[in-house]
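Please look through the sequence and the model below before reading on. The report takes up selected residues and then the chain as a whole.

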Amino acid sequence: MDILELESFLPYRLYRLADAVSREFSRVYKDRHGLTRPEWRTLAGLGQHGTMTATELGEQSAMHKTKVSRAVAELERRRWLTRTPDEKDRRIEHLTLTAAGLAAYREMVPLAKAFEQELLARLSADERTAVTNGLIALKRALGKD
């Protein structure tokens, strides 16, 4: 029987690496605001794009709709976002950060950028180029460019 060595299987390696980076960064927003990963992704998506629907947030952040729903409910409980029903389709809600949510997002942006710079600083210039080119190549190979 042929065996798949999971530790050397590229999709698994990419997943584990992305998870490790995400967990390391999660310390920043968890320590600062007590946010979960889905809550952070929701806050970041709305901070970047302004008003979005839950479906758009799920697509943008690659989160399942139940995770989006829980994150939206928690950010609404904190009064960091508001829901506005769509005028044409009442099943759709437009989500927008409140002033408090926007303030939290603006506080997190420089921390996120600093985390990224510190992570990249651990690599040589050639390694940074290789990572960037590798990501671009994989996206292209998957038809996601």
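## Leu6, ahead of the helices

Leu6 is partly exposed, because its relative accessibility is 35% and the range for that class runs between 20% and 50%. Leu6 belongs to the segment before helix 1. The model is a predicted one, and the positions discussed here are those of that prediction. In it, the C-alpha atoms of Leu6 and Glu118 are separated by 29 Å, with their positions 112 residues apart along the chain.

## Glu24 in helix 1

Glu24 has its place in helix 1. Is Glu24 buried, exposed or partly exposed? With a relative accessibility of 28%, Glu24 counts as partly exposed, because this value is neither under 20% nor over 50%.

Leaving aside residues up to four places away in sequence, Glu24 touches Phe115 and Arg122. The distance to Glu5 is of another kind: Glu24 and Glu5 are 19 residues apart in sequence, and their C-alpha atoms are 26 Å apart in space.

## The aromatic rings

A pair of aromatic rings is described by two values, the distance of the centres and the angle of the planes. Rings count as a pair here if their centres lie within 6.5 Å. By this rule there are four aromatic pairs. One of them joins Phe25 and Tyr29, with 5.2 Å from centre to centre and 75° between the planes. The pair is edge-to-face because an angle over 60 degrees falls in that class.

Phe25 and Tyr29 both belong to helix 1, which covers residues 10-33. They are four residues apart, or about one turn of the helix. Phe25 has a relative accessible area of 11% and is therefore buried. Tyr29 is also in the buried class, because its relative accessibility is 1%.

Tyr29 forms an aromatic pair with Trp40 as well. What are the distance and the angle in the pair of Tyr29 and Trp40? The centres are 5.4 Å apart, the planes differ by 10°, and the pair is stacked. This pair links distant parts of the chain, with Tyr29 in helix 1 and Trp40 in helix 2 (residues 37-49), 11 residues apart. Both Tyr29 and Trp40 are buried. Phe25, Tyr29, Trp40 and Phe115 form one aromatic cluster.

## Val72 in helix 4

Val72 is part of helix 4. Its relative accessible area is 3%, so Val72 is buried. Which residues does Val72 touch, not counting those up to four places away in sequence? They are Thr42, Leu57, Leu81, Arg83 and Leu95. Arg128 is 56 residues from Val72 along the chain, and the C-alpha atoms of the two are separated by 35 Å.

## Two loops and a charge over a ring

Ala62 lies in the loop between helix 3 (54-61) and helix 4 (65-77). Its phi is near 55°, a positive value in a residue other than glycine. Ala62 has a relative accessible area of 70%, so this residue is exposed.

Arg79 is located in the loop between helix 4 and strand 2 (81-85). Phi of Arg79 is near 65°, again a positive value in a residue other than glycine. Arg79 is exposed, because its relative accessible area is 65% and the exposed class begins over 50%. Arg78 lies over the face of Trp80, at 4.9 Å from the ring centre.

## The chain as a whole

How many helices and strands does the protein chain have? There are six helices and three strands, and along the sequence they follow the pattern α-α-β-α-α-β-β-α-α. The C-alpha atoms fill a box of roughly 55 × 40 × 30 Å along the principal axes.

Of the 145 residues in the protein chain, 26% are buried. Among contacts with a separation of 6 or more, 49% join residues 24 or more positions apart. The chain exposes about 10,500 Å², and carbon and sulfur atoms supply 53% of this area. The protein chain has 25 positive and 21 negative charges, and the mean positions of the two sets are 4 Å apart.

Conventions. Residues numbered from 1 in each chain as written. Predicted model: local features only at pLDDT ≥ 70, side-chain atom pairs only at ≥ 80, totals over all residues. Heavy atoms only, no water. Phe/Tyr/Trp six-rings, centres within 6.5 Å; stacked < 30°, edge-to-face > 60°. Buried < 20%, exposed > 50% of the residue type's maximum accessible area, 1.4 Å probe, protein only. Lys NZ or Arg CZ within 6 Å of the ring centre and 35° of its normal. Contact = heavy atoms within 4.5 Å. Areas by Shrake-Rupley, 256 points an atom, 1.4 Å probe, with all protein chains shown as cover. Lys, Arg positive; Asp, Glu negative; His and termini not counted. Charge placed at Lys NZ, Arg CZ, Asp CG, Glu CD.
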